[in-house]
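This is a walk through one protein structure, taken a few residues at a time. Keep the sequence and the model side by side while reading.

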Amino acid sequence: MICHPRRHLLVWTALLMRWSNQQKPQRKKSPLRDRIRRLVRLVKWGGGLLIVLGIAGAWYTHRLSRFAEQQFSRSFRWDIPSKIYSDVEYLFPGLDIKRRRLQEKLDRLGYRNTGDGIHSPGDYAMRPNGIEIFLHHFDYPLQKFEGFPVRIAVSGSVIDHIGRIDSGERIATMRLEPELIATLFDDTMEDRSLVTLQEVPDACLQSIILVEDERFFRHHGIDPKGIARAFFANVRALRIAQGGSTLTQQLVKNYFLDSERSFQRKIKEAIIALIIEQKHSKGEILEAYLNEIYLGQRGASSVFGFGEAARLYFAKEARQLTAGECALLAGMIRAPNRYSPFRDKDAAAQRRNFVLNRLHEAALVDDTVYHSAITEPLILPKQRERLTNAPYFIDFVRTQLRELYPDTQLSAEGLRIFTTLDMTNQLIAEQAVSNGVATLEKDYATLLPKDHAGKLQGALINIQPQTGYIRSLVGGRGYLDTQFNRVVQSQRQPGSIFKPFVYLTAFDPHRGEEVVAPTSYIYDVGFQVQSGGKPWTPHNYDKKEHGPVSVREALMKSYNIATARLAIDVGLNNVVKTARDAGIEADLQAVPALALGAFEVSPLEIASAYTIFANNGIRAEPLSLIHVVAADGTTLKRKSIEMKRRFDPGPVYLVTQVLKDVFNGGTASSARQMGFHGIAAGKTGTTNNYRDAWFVGFTPDQLTLTWVGYDDNATMNMSGARGALPMWVHYMREAVGDSQQEFPVPNNVVLVKIDPESGKAWTKRCPQSIFAPFVEGSEPTEHCPLH
């Protein structure tokens with residue numbers, strides 16, 4: 001085997017190196033040298049680790065910086081819930097403030113009863129001959145209103161005149177701002193009203209800084225001196241007496257981070273605080289803090305920021321806060337629930353005075369301001385009992401809003417929604433329904449089904465006929481029991497409350513096949529016709545037949561047989577057209593049972609149709625929303641009143657005059673015994689097997705519908721007069737009173753002297769006479785044949 005020359009060379013080289021090493025003397029190991037070598041290795045590893053940690057720290061800091069900046073610079077820094085308001089309240093000479101429950105209204109609006117005098121917006125004081133009010137500032141959809149003091153002089157309980165206290169000027173009409181009736185929260189239930197630094201008094205800013213972070217303008221996000229001072233103070237007190245967090249750290253903790261208590265979160269809090277201080281001014285940080293700090297509860301919702309806290313505790317805007325009020329809110333930051341003046345006035349006052357003393361010692365307030373603030377009485381507005389009022393109405397409004405805006409916008413963009421609701425009348429309506437149904441269950445227990453699974457229910461809606469404004473809406477006896485809105489969602493047979501549309505068709509010479517007047521006669525005698533291939537026979541409520549009766553009597557006493565006969569005579573298709581023109585969109589079939597309301601309709605639909613009677617033939621579209629305003633004051637939606645003439649005013653007036661007699665000898669005559677003595681027109685309604693009880697009644701200014709029944713259509717053995725009329729009377733007596741306003745007479749209606757027995761033109765031989773209205777051109781020309 002032949003070896004390669006290079007391989008030989010490598011072998012000899014290796015042998016030579018081994019021999020050379022064996023010839024060298026062995027060196028002794030040095031401990032110092034080993035230590036140096038280990039130190040060098042440690043430095044190398046430590047340096048490498050520091051470099052890695054530095055890179056990681058820089059990356060983490062950059063990440064936190066981006067996170068903080070993105071959060072801090074969002075267009076909408078907070079999700080601001082939208083708020084729903086009622087309509088305004090107008091006050092003017094001649095108004096009965098007792099009926100309008102003015103003092104209760106002021107309490108709901110957050111005005112403070114000072115007892116002696118009024119000094120700032122939100123104060124009111126009762127006087128022997130009137131009331132003084134310092135009106136709130138309020139941003140209306142189309143106007144910013146600056147509050148001023150007024151004196152309302154009354155005679156008895158009726159307003160005599162209104163005047164400005166500051167200028168002495170007489171005022172023809174004044175308005176109270178809308179009530180907040182609901183807030184559309186997201187899942188967090190956080191309520192806040194954003195403020196700027198310019199909108200907050202200096203006393204508030206000074207109080208916050210002095211109590212929470214005295215070195216705010218001298219640190220860069222974290223304050224080592226403050227931490228040390230707090231540490232020693234807590235050790236001396238053997239409790240947490242002071243906190244070491246700066247305002248910036250508090251903002252970071254509340255706004256950016258969760259509530260976890262850990263060292264890691266504390267480190268993150270400090271780093272983000274330093275980053276924010278580098279990138280934002282002290283003013284921006286302080287303004288964010290003002291809007292983020294937690295300051296108590298309003299029921300289930302949490303109140304954040306000085307803007308909303310000023311409204312909660314003092315019913316005023318933040319810019320109107322006094323030095324004492326600023327000190328109280330600043331003092332509450334440490335423990336909002338403990339120092340809440342609603343919970344403990346004495347503790348709140350002591351905390352306020354502590355802050356005021358510090359302000360005075362620091363020469364931030366002078367002696368005059370200090371003594372005024374420290375002796376200032378704590379006068380609080382009444383707390384709202386419910387976060388949401390008028391829940392059925394709010395659900396109805398929310399359904400309409402969702403057709404315009406997504407839920408995310410409603411719960412986050414601070415929209416202000418102005419509605420048609422009259423909150424005073426709404427509370428009356430809720431009481432009328434709940435008390436009314438409970439009374440029926442108690443007084444007529446023997447008539448109602450025993451051991452019925454569901455509760456007896458009631459509903460009420462009130463509409464202003466001239467505008468279509470829905471002023472009150474109650475969809476059931478209790479919203480906590482059931483959220484089903486019977487005014488809007490239920491479909492029920494209207495029964496006899498449909499009959500006026502039959503008679504309107506008959507009275508209008510352009511609608512019916514036969515011209516009829518209220519003084520005409522019709523036979524209330526049983527008959528049978530074929531309907532849908534089957535025989536159909538109407539029956540009266542009293543199981544009797546009344547022979548020939550006047551059309552007026554047939555309607556005011558709600559005779560089924562006469563009404564069905566009249567509907568057939570004037571043409572069932574014509575009756576359908578009349579109902580359609582009035583706005584009834586239900587499935588109407590031209591069959592004889594139509595005349596007796598044998599179809600299904602919602603209470604809202606039938607109430608809206610009745611506005612033609614209160615308006616002499618003009619239909620008002622029901623309206624609940626008026627304005628939707630963005631957070632910046634821009635009007636996003638404005639709904640206009642929709643009024644349209646659908647009928648000749650003459651025939652409508654004739655129907656209304658007959659419906660007035662329903663209270664005077666007709667099916668609603670018991671309303672007089674219940675205490676209602678006003679001028680009104682109306683109609684009772686009862687359906688087959690007594691499943692539904694209705695009443696619709698109206699004055700020229702108010703139209704109210706009430707309904708009673710079971711959700712499963714169970715028989716309750718009560719007529720409209722017994723079941724629904726008492727609720728109507730309760731509402732109208734409290735909300736409207738005994739109005740004596742007459743319905744206006746149209747130009748095409750004439751009064752003719754007739755014989756009441758024959759319904760024909762009066763002669764000298766007739767023993768009696770009355771003046772009856774007729775549509776011009778349809779008045780009787782034939783003289784009375786009986787005398």
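The starting point is L205, and the model in which it sits is a predicted one. Apart from residues within four places of it in sequence, L205 is in contact with L197, V200, L286 and L290. One of these partners, L290, is 85 residues from L205 along the chain, yet the two C-alpha atoms are 8.7 Å apart. L205 belongs to helix α4, which covers residues 202-212. Its relative accessibility is 14%, so L205 counts as buried, because the limit for buried is under 20%.

The residue numbered 204 is also worth a look. How many disulfides does a search of the whole structure find? The search gives one, and this disulfide joins C204 to C326 with an S to S distance of 2.0 Å. The angle about the S-S bond is -70°, and the link of C204 and C326 is left-handed. C204 lies in helix α4 and C326 in helix α10, residues 323-332, so the disulfide ties together parts that are 122 residues apart in sequence. Both cysteines of this pair, C204 and C326, are buried.

Two other cysteines can be set beside that pair. C766 is in no disulfide, and the nearest cysteine sulfur to it, that of C784, is 3.7 Å away. C784 is likewise in no disulfide, with the sulfur of C766 as its nearest cysteine sulfur, at 3.7 Å. Why do C766 and C784 not count as a disulfide? A disulfide requires sulfur atoms within 2.5 Å, and the sulfur of C784 is 3.7 Å from that of C766. C766 is buried at 6% relative accessibility, and C784 is buried at 6% as well.

The next stop is H136, in the loop between strands β5 (130-134) and β6 (138-140). Is H136 buried or exposed? With a relative accessibility of 7%, H136 counts as buried. Its side chain takes part in two polar contacts that can be picked out in the model. In one, the side chain of H136 meets the side chain of E177 at 2.7 Å. In the other, the H136 side chain reaches the backbone oxygen of A315 at 2.6 Å. E177 and A315 also appear among the contacts of H136 outside its sequence neighbours, along with L109, G110, Y111, P121, G122, F145 and G147.

A second loop residue, Y559, can be read in a similar way. Y559 is found between helices α17 (551-556) and α18 (560-570), and it is buried, with a relative accessible area of 7%. Beyond four places in sequence, the residues in contact with Y559 include K499, D524, N540, H546 and V549. E553 and A554 are contacts of Y559 too, and the side chain of E553 makes a polar contact of 3.2 Å with that of Y559. L596 is 37 residues from Y559 along the chain, and the C-alpha atoms of the two are separated by 9.7 Å.

The last topic is charged pairs. The count of salt bridges comes to 36. One of them joins R101 and E734, whose closest N and O atoms are 2.8 Å apart. R101 is in the loop between β2 (89-91) and α3 (102-108), and E734 is in helix α25 (residues 725-735), so this pair ties together parts that are 633 residues apart in sequence. E734 is partly exposed, at 32% relative accessibility.

Another salt bridge is formed by R358 and E214, with the closest N and O atoms 3.2 Å apart. R358 lies in helix α11 (345-361), while E214 lies in the loop between α4 and α5 (224-237), so the parts tied together here are 144 residues apart in sequence. R358 is partly exposed with a relative accessible area of 24%, and E214 is partly exposed at 45%.

E621 and R619 meet through their side chains in a further salt bridge, at 3.1 Å from N to O. Here E621 is partly exposed at 28% relative accessibility, whereas R619 is buried, with a relative accessible area of 7%. Salt bridges can also link several residues, as they do in the network of K83, D191, R298 and E308.

Notes
Residues are numbered from 1 along each chain as its sequence is written. This is a predicted model: local features need pLDDT of at least 70, side-chain atom pairs count only at pLDDT 80 or more; totals for chains, interfaces and linings use all residues. Side-chain values use heavy atoms; hydrogens and water are left out. Helices (H or I, at least four residues) and strands (E, at least two) are DSSP runs, numbered from the N terminus. Buried means under 20% relative accessible area, exposed over 50%, partly exposed in between (1.4 Å probe, protein chains only). Contact means heavy atoms within 4.5 Å. A polar contact is a pair of N or O atoms within 3.5 Å; within protein, one must be able to donate a hydrogen and the other to accept it, and residues adjacent in sequence count only if both atoms are side-chain atoms. A salt bridge is a side-chain nitrogen of Lys or Arg within 4 Å of a carboxyl oxygen of Asp or Glu.
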